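Let's learn to read this model together, one feature at a time. Keep the viewer open while we talk.

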Amino acid sequence: MFNFKQKKMKHISILLIVILFCSCSQKEKNKTLSFTVKRTTNTFEEKLSEAAISIIDPSIDYDPAYFSIKYPNGDIPENKGVCTDVIIRCYRKLNIDLQKEVHEDMAANFSEYPNLKKWGMTKTDTNIDHRRVPNLEVFFERKGIKLPVSEDAKDYKTGEIVTWMINEKLPHIGIITNKKSEDGKRNLIVHNVGGGQVLEDCLFEYKIVGHYSYTNLN
């Protein structure tokens, strides 16, 4: 009788150990799965930052000339570009064609854009409309989110768009990345102000006039 009870208790103990081990193993698997998901999931903003970093090329010639390009998904020669071409090329890497998006909204809402007042245009032009900073500002405000303009670097986050006015006359635009300045206080920006498509600590280098988020998740 004693041996029977001993064997029974031994079997129960082994069973409890197996159950406990399986439970712990499953928890560890869940933790591993959760960790893997966190490591492999990127937000749209992070992907846009990665796209911006991927097109860095100081050899790009700053060329504001008018180019005749195809529509949709048209682009000027790859060795040329201005600040707006940085934005266009970044979004295209995420399969978003700003040439098409801007044209369609402008065609339906022409008076909302500064074409007539600023350039004397009376109709859309798919070669140049999306390559003008003022047009992109209107588009991002209409189709995205207009964010506050401030002097606090913490307000400017990865994947957002900033526009400036340089010397009170030159509109400029860039993409905020997840890279940090040497002091860790500001996100670096990919832009082209004449030195090619570069990554620089230039957030407050010029007068900020616009701040936007455009994720196009619809």
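Q: Which residues does Gly81 touch, not counting residues up to four places away in sequence?
A: Contact here means heavy atoms within 4.5 Å. By that rule Gly81 touches Ile60, Asp61, Tyr62, Asp63, Ile76, Arg89 and Asn192. Gly81 has its place in strand S2, residues 80-81. From C-alpha to C-alpha, Gly81 and Val193 are 9.8 Å apart in space, with their positions 112 residues apart in sequence.

Q: What kind of model is this, and how are its residues numbered?
A: It is a predicted model, where local features need pLDDT of at least 70 and side-chain atom pairs count only at pLDDT 80 or more, while totals for chains, interfaces and linings use all residues. Residues are numbered from 1 along each chain as its sequence is written, and side-chain values use heavy atoms, with hydrogens and water left out.

Q: Is Gly81 buried or exposed?
A: Buried means under 20% relative accessible area, exposed over 50%, and partly exposed in between (1.4 Å probe, protein chains only). Gly81 has 0% relative accessibility, so it counts as buried. Across the protein, buried residues make up 40% of the 218 residues.

Q: How many helices and strands are there in the protein?
A: Helices (H or I, at least four residues) and strands (E, at least two) are DSSP runs, numbered from the N terminus. The protein has six helices and eight strands. Starting at the N terminus, their order is α-α-β-β-α-α-α-α-β-β-β-β-β-β.

Q: Where do the buried residues of helix H2 lie around its axis?
A: The idea is to compare the directions from the helix axis to the C-beta atoms, whose spread is the arc. In H2 (residues 44-54), the buried residues are Phe44, Leu48, Ser49, Ala51 and Ala52. They cover an arc of only 160° around the axis, so they sit on the same side of H2. What they pack against is helix H3 (83-93), strand S5 (170-180) and strand S6 (187-191).

Q: At what angle do H3 and helix H6 pack?
A: Axes are lines fitted to C-alpha atoms, for helices over the stretch in contact, and angles run from 0 to 180 degrees between N-to-C directions. H3 and H6 (residues 133-143) pack at about 45°, their axes 9 Å apart. Angles under 35 degrees count as roughly parallel, over 145 as roughly antiparallel, 65 to 115 as roughly perpendicular and the rest as oblique. That angle therefore makes H3 oblique to H6. On the H3 side, Cys83, Thr84, Ile87 and Tyr91 meet Val133, Leu136 and Phe140 in H6.

Q: And at what angle do H4 and H6 pack?
A: H4 and H6 pack at an angle of about 80°, with axes 11 Å apart. This makes H4 roughly perpendicular to H6. From H4 (98-108), Leu98, Glu101, Val102, Asp105 and Met106 take part, and from H6 come Asn135, Leu136, Phe139, Phe140, Arg142 and Lys143. For residue classes, Ala, Val, Leu, Ile, Met, Phe, Trp, Tyr, Cys and Pro count as nonpolar, Asp, Glu, Lys and Arg as charged, and the others, Gly among them, as polar. The contact of H4 with H6 then has six nonpolar, one polar and four charged residues.

Q: Why is H6 largely enclosed by the rest of the structure?
A: Eight of its eleven residues are buried, and therefore H6 is largely enclosed. Among the buried residues of H6 are Val133, Pro134, Phe139 and Phe140.

Q: Which residues does Arg142 in H6 touch, leaving out those up to four places away in sequence?
A: Arg142 belongs to helix H6 and touches Asp105, Asn109, Glu112 and Tyr113. Its relative accessibility is 34%, so Arg142 counts as partly exposed. The C-alpha atoms of Arg142 and Glu112 are separated by 9.3 Å, though the two are 30 residues apart along the chain.

Q: How many residues has the largest nonpolar core?
A: A nonpolar core is a set of buried Ala, Val, Leu, Ile, Met, Phe, Trp, Tyr and Cys residues joined through side-chain atoms within 4.5 Å. The largest has 27 residues, and those with the most contacts inside it include Ile87, Cys90 and Phe140. H2, H3, H4, H6 and S5 each supply at least two residues of this core. Apart from it lies another core of nine residues, among them Trp164 and Ile208.
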